[in-house]
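Let's take a friendly walk through the side-chain contacts of this model, starting with its rings and moving on to charges and cores.

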Amino acid sequence: MDRSSLPRYWLTGAGNGIGAALAEAILETGARVAVSACSAQACEALSARYPGQVLAVPGNLSDSQTVREIGETIARQWGALDRVILNAGTAEYVHGQPLEQTMIEHIVRSNLLAASFCIETARPLLGAGSDPHLVGLTSPVTYLTSLQAAGGSSLRELFETARQTLVAEGTDVTLVTPGVDSASLSVDDCFPKPAHWSAGDAATYLLGQLAERPAEVTLSVSSVSSLWPLSTAANDRQAQAAPGDSTNRSPIKGQP
Ligand SMILES: NC(=O)c1ccc[n+]([C@@H]2O[C@H](COP(=O)([O-])OP(=O)(O)OC[C@H]3O[C@@H](n4cnc5c(N)ncnc54)[C@H](OP(=O)(O)O)[C@@H]3O)[C@@H](O)[C@H]2O)c1
């Protein structure tokens, strides 16, 4: 297959959840994908499964130097990007208990700061790409006013601000919002809005929607926690912790 005519992607958060499902679905089309996750192992596993298609660029995206180096690697290998999907981040359900400072820092760094570094790095690569498209997944952080204050700006505001610059440069921008929508309970919906999304279902639906390049895609659910399952570590932690009890668990998903 001549891959040079297929879009070059950078997908972040490709190691787990919806990112892993997106990686697989995109790679199945034959496209080339630069995959990022904290875990190098997850990126290397994709590289082994799809030889010649995967550029493994793992690292902590909340570190600006790491993100710059990832951009340099992509520029050296491909010279440009046509699609960027910024999915890496963390969704934490805190059951109403007061947020700990470590949790706030973790959420802001993993979602807001990482996204801002990735947008900055992706921008010139998209500018050199063909028919470029930037996609950003927001997180429940968007709805938490205390975290907006802590971050200085919400993830949504970050993408909306970037949209103004990027669109002027010829890059389409789509914001994907996992949204709580009471209309999702309606039996009269003209298209399906499942209250529970598997990662695979969400990825398939999302890629279908992205083909049209809408300004926004909503993954409508009746409850945000009914989205695709969180990672195993988060599920285990939630199962162990009684609602409202923050004493027996790590404040950060996947960490002891
Ligand atoms: N699942 C939900 O219910 C839900 C709801 C609303 C919004 N979202 C948002 O949707 C996106 C994906 O959610 P998900 O549930 O699929 O997430 P997930 O299963 O926890 O996977 C997150 C992915 O992002 C990577 N990642 C996280 N922080 C990173 C960092 N600082 N640097 C590099 N990579 C990082 C992880 O790397 P490793 O694989 O190495 O750990 C993993 O591959 C997130 O932005 C999340 O906030 C999810």
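With rings of Phe, Tyr and Trp (its six-membered ring) counted as a pair if their centres lie within 6.5 Å, the count comes to one aromatic pair. Its partners are Trp197 and Tyr205, 5.0 Å centre to centre with 50° between the planes, a tilted arrangement; planes under 30 degrees apart would count as stacked and over 60 as edge-to-face, with the rest tilted. This is a predicted model, in which local features need pLDDT of at least 70 and side-chain atom pairs count only at pLDDT 80 or more, while totals for chains, interfaces and linings use all residues. Residues are numbered from 1 along each chain as its sequence is written, and side-chain values use heavy atoms, leaving out hydrogens and water.

**Around Trp197**

Trp197 is buried, at 3% relative accessible area, whereas Tyr205 is partly exposed at 21%. Here buried means under 20% relative accessible area, exposed over 50% and partly exposed in between (1.4 Å probe, protein chains only). Trp197 sits in the loop between strand E6 (172-180) and helix H7 (199-210); helices (H or I, at least four residues) and strands (E, at least two) are DSSP runs numbered from the N terminus. Beyond its neighbours within four places in sequence, Trp197 is in contact (heavy atoms within 4.5 Å) with residues including Ala202, Tyr205, Leu219, Val221 and Trp228. Pro229 is another of these contacts; its C-alpha atom is separated from that of Trp197 by 8.1 Å, with the two 32 residues apart along the chain.

Another ring has a charged neighbour: Arg32 lies over the face of Trp78, 5.6 Å from the ring centre. The test for this asks that NZ of Lys or CZ of Arg be within 6 Å of the ring centre and within 35 degrees of the ring normal.

**Salt bridges**

Side chains of opposite charge can pair when their charged atoms come close. Taking a salt bridge as a side-chain nitrogen of Lys or Arg within 4 Å of a carboxyl oxygen of Asp or Glu, the model has eight salt bridges. Here are some of them:

| Pair | N to O distance |
|---|---|
| Arg8 and Asp82 | 2.9 Å |
| Arg123 and Glu169 | 2.5 Å |
| Glu216 and Arg156 | 2.6 Å |

The Arg8 and Asp82 pair links distant parts of the chain, 74 residues apart: Arg8 is in strand E1 (residues 8-12) and Asp82 in the loop between helix H3 (64-78) and strand E4 (83-86). Both Arg8 and Asp82 are buried.

Arg123 belongs to helix H4 (residues 101-127) and Glu169 to the loop between helix H6 (155-168) and E6, so their bridge ties together parts 46 residues apart in sequence. Arg123 is partly exposed at 36%, and Glu169 is partly exposed at 38%.

Glu216, in strand E7 (residues 216-221), and Arg156, in helix H6, are 60 residues apart. Shared partners join Arg156, Glu160, Arg163 and Glu216 into one network of salt bridges.

**Nonpolar cores**

A nonpolar core is a set of buried Ala, Val, Leu, Ile, Met, Phe, Trp, Tyr and Cys residues joined through side-chain atoms within 4.5 Å. The largest has 32 residues, and Ile18, Leu46, Ile85, Leu206 and Trp228 touch the most other members. Elements giving two or more residues to this core include E1, strand E2 (32-36), helix H2 (40-49), H7 and E7, but the largest share, six residues, comes from H1. Ile85 has contacts outside its neighbours within four places in sequence, among them Tyr9, Leu11, Leu22, Ile26 and Val135. A second, separate core of 31 residues includes Leu81, Cys118, Ala162 and Leu175.
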